[in-house]
Amino acid sequence: MPPVPPPSQVSQESPDSPDALDYILLHTQRLSERSRWAVVWMMGFAALVIATVVALAWYLDHFEKEEEERRRGADAQWLEQSVLFHFRRLQDDAARLARRAALDGPDALVPAPGQDTYLDDDLPVGLLWRSPDTIVAQTWLPARQGHDADVPLWREHMALHPSNRQALDTLLDITTGLRRSSYAGPMRNAHGIAGDTVWLAVPYFDDSRLLGNYVLAVSMEHALAALLPPWFLAQQSVRLVVDAAPAAPPAPDGRYNTAINLPGTDLLLEVVPQGPRSSTVPRVFFLVALLFLLGMLVSLLALRQDLRKRRQVQQRLQAEVALRTAMEQSASVGMRAWDMQGRVLYVNPAFCAMLGYPAEELIGQRAPFPYWPAEHVPRIFDEHERIIRQGTRPQGIEVQFQHRNGQRVDVLIHEAPLRDSHGVQLGWMSSIVDISERKRAQQLAQLQQEKLEASERLVAVGEVASTLAHELNQPLGALSSFATGLLNRLNSATITLADMQPVVQRMAQLAERAGSVLQRVNAFARRRELNLEHIDLNALARRACNAAQEGQALRIHQLLPSAPTPVQGDALLLEHLLHNLCSNALAWAARGQAAHPQVQVRLDVADSALTLAVADTGPGVPAEDQARIFDAFFSTQPGGMGMGLAICRSIVEAHHGSIAVGRDPLLGGALFTVTLPRTPAPPKP
């Protein structure tokens, strides 16, 4: 939560001003009014929910009744159409058989031994024809036989009841006169009670002459069982009704009748819905509504309790604001708040005292600020824009401000996001620490360190001076030998100018090398900076190895990368370092137990460092001498001065590296490892 300025710093701003940063007080001033409006809205919402529940309950009940009526009508229509469809298919099947009997004679309907009756393309395929026990009797009734069919069931029905004879006679009269299929039934027993058997007659005409009728006796109970699917019977039961009264309105239990529109019959189907007709949705909905209303009441009670707690919290917040104001008055760290557009929202007294500006002159200001030094405005403005976008790094940023009296103030700034109660960032909160005294202390410590380093260099001069004979022994000795030989041959007049030129060039190179060593020692002793430059460590290592093995029978194996290895350092000192290590390795390699003496120079490249290793097959450095091997005037070589490795250590430390000694696991001898910090490759011109 951002610090809240004391009233003295915001006295000129209204409570509704966007510059006011006392978010807590501003929030608590509107708390009671917002809470009252919340209660009003909650009660209105509860009333709206109650009215919605009542309206939906009425609508769902009305909709359920209409849906039940619609479903009942759809089921009745489907049942009627399904019965008509299957009986028309039965008529088509009987018509094909009537045609065969009329054209081929009744014998064509008699099956061969062991075969079915209908094996050709005229095989009836209707559902009622295929269903067992649906077709009770069937025969071909030629026109010349009149109404006397040669079927026992036909004759039985004719004899049982007068109404049966009348119905069957009417059936044949209709097929003859109207030339269409017709039904008769249901057939009655001797007591006049109607059964479920219905006769179907399908005529066949040759132009206008009736050839006969194909008559069928159909069991309506079996027909209904065959044509009603299981899903329909799972929802309602169907019963055949004969001698029915006129259609009546649906009964209270939901049952209703639908007619079977077969010409010549008087049959109805009674449909009784199965299971509960009412839906559980309204009941569940009412239960949910009641629970919701109960929840609303509980919410209102909880809101009242919350308002009471909010008043208590408001009192505590006011006390905390007063306490925080007192803490800000005594804080020594400057605090500054500014929005995403860079406008200052708040400064604390410590910040004002740090820069000498009152809060009234700073609040509302935008960059560039008056405490920015004029010569640093472009750089600080760029940093200011970056902070608005990204904030500061965890370690903060160091900049220099200017006091109102012109004095420069070094500060360390940390930025943290300034967010509202919803987590939306409003700006940044800055903590500014005056580090001027610390910077002066650091400068003084740096000056003292430089003086100390100068003293160390002077001490090193003594060490270096004592080793000049060791370092210059080889070039000066070689120079002396070349000069003596040249003088002897000149005295004896046995040398020509052509032979003299390479000798003089070699002497010049040796003299130049000795002079370079003296110049570097002189510069190092006079506290001058190293001649740092970007060099290729691969090429430097090759030059040093070639120079060290010059005149030696043993060769150095150079295990160097193929790509250039850039490093920042003094080329002369680094070459001297490697030359000294290689010379020592060549001197000690043959003193070991290896049958074939060997010296290796390896260079490994890592992400942040370069590792240069010089290994040999010599006896190595004893463990008790490894801690002192780099000390001045300590030597394990007979006649040695003990300054070569001491100079190597000084060169490595001057390049902010390290040097160590151990035993090489491959060659078995000494292993000197030099680690130098890696520097990026210089940009291409």
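Here are some exercises with worked solutions on how helices and strands fit together in this predicted model.

**Exercise 1. The four-stranded sheet**

Find the order of the strands in the open sheet formed by four strands, and say which strands stand at its edges.

*Solution.* Let's start with a reminder. Strands of a sheet pair through backbone hydrogen bonds, either parallel or antiparallel.

Step 1: Read the order. The four strands line up as S1-S4-S3-S2, and their pairing is antiparallel.

Step 2: Look at the ends. Strand S1 (135-142) and strand S2 (182-184) each have a single partner strand, so one side of each has no neighbour in the sheet.

Step 3: Check the twist. Ignoring direction, neighbouring strands here are turned by 20° against each other on average.

Step 4: Zoom in on one pair. Three bridges link S2 with strand S3 (residues 197-206) in the antiparallel sense. Across this pairing, Ala184 stands opposite Trp199 in S3.

Step 5: See what packs on the sheet. Helix H5 (residues 162-177) touches S1, S2, S3 and strand S4 (209-219), and the direction of H5 makes about 30° with that of S3.

**Exercise 2. The three-stranded sheet and its hairpin**

Work out how strands S5, S7 and S6 are arranged, then examine the hairpin of S6 and S7.

*Solution.* Step 1: Set out the sheet. Three strands form an open antiparallel sheet in the order S5-S7-S6. The edges belong to strand S5 (236-242) and S6, which each pair on one side only. The average turn between neighbouring strands is 30°, direction ignored.

Step 2: Follow the S6 and S7 pairing. Strand S6 (residues 256-260) and strand S7 (residues 267-273) run antiparallel and are joined by five bridges. Two facing pairs help you trace the pairing: Tyr256 has Val271 in S7 as its bridge partner, and Asn257 stands opposite Glu270 in S7.

Step 3: Go round the bend. The hairpin has six residues between its strands, and Gly264 takes a positive phi near 95°.

Step 4: Add a helix. Helix H6 (residues 220-227) lies across S3 and S4, at about 75° to S4. H6 also lies across S5, S6 and S7, running at about 155° to S5.

**Exercise 3. Three helix pairs**

Describe how H4 packs with H5, H15 with H16, and H16 with H17.

*Solution.* What do we need for each pair? Two packed helices are described by the angle between their axes and the distance between the axes.

Step 1: Take helix H4 (residues 152-160) and H5. Their axes come within 6 Å and cross at roughly 125°, which makes H4 oblique to H5. On the H4 side the contact uses Trp154, His157, Met158 and Leu160, while H5 supplies Asn164, Arg165, Leu168, Asp169 and Leu172. Sorted by type, the contact residues are five nonpolar, two polar and two charged.

Step 2: Move to helix H15 (residues 537-548) and helix H16 (residues 571-589). Here the axes come within 8 Å and cross at roughly 45°, so H15 and H16 are oblique to each other. Their crossing is right-handed. Among the residues that meet are Leu540, Ala544 and Ala548 in H15, and Leu574, Leu578 and Cys582 in H16. The contact of H15 with H16 divides into 11 nonpolar, two polar and two charged residues.

Step 3: Finish with H16 and helix H17 (residues 644-654). Their axes are 10 Å apart, at an angle of about 145°, and the crossing is left-handed. The contact residues include Leu577, Asn580 and Leu581 of H16, together with Ile647, Cys648 and Ile651 of H17. By type, the contact of H16 with H17 has nine nonpolar, four polar and no charged residues.

**Exercise 4. A salt bridge within a helix**

Which residue forms a salt bridge with Arg89, and where do the two partners lie?

*Solution.* Step 1: Recall the idea. Side chains of opposite charge can pair when their charged atoms come close.

Step 2: Apply the cut-off. A salt bridge needs the nitrogen and the carboxyl oxygen to be within 4 Å. For Arg89 and Asp93 the closest N and O atoms are 3.9 Å apart, and the pair forms a salt bridge.

Step 3: Place the partners. Both Arg89 and Asp93 lie in helix H2 (residues 31-104), four residues apart, about one turn of the helix.

Step 4: Widen the view. Searching the whole structure gives 13 salt bridges.

Key: Residues are numbered from 1 along each chain as its sequence is written. This is a predicted model: local features need pLDDT of at least 70, side-chain atom pairs count only at pLDDT 80 or more; totals for chains, interfaces and linings use all residues. Side-chain values use heavy atoms; hydrogens and water are left out. Axes are lines fitted to C-alpha atoms, for helices over the stretch in contact, and angles run from 0 to 180 degrees between N-to-C directions. Angles under 35 degrees count as roughly parallel, over 145 as roughly antiparallel, 65 to 115 as roughly perpendicular and the rest as oblique. A crossing is left-handed if the near helix is turned anticlockwise from the far one by less than a right angle, and right-handed if clockwise. Contact means heavy atoms within 4.5 Å. Ala, Val, Leu, Ile, Met, Phe, Trp, Tyr, Cys and Pro count as nonpolar, Asp, Glu, Lys and Arg as charged, and the others, Gly among them, as polar. Two strands pair if DSSP finds at least two bridges between them. A salt bridge is a side-chain nitrogen of Lys or Arg within 4 Å of a carboxyl oxygen of Asp or Glu.
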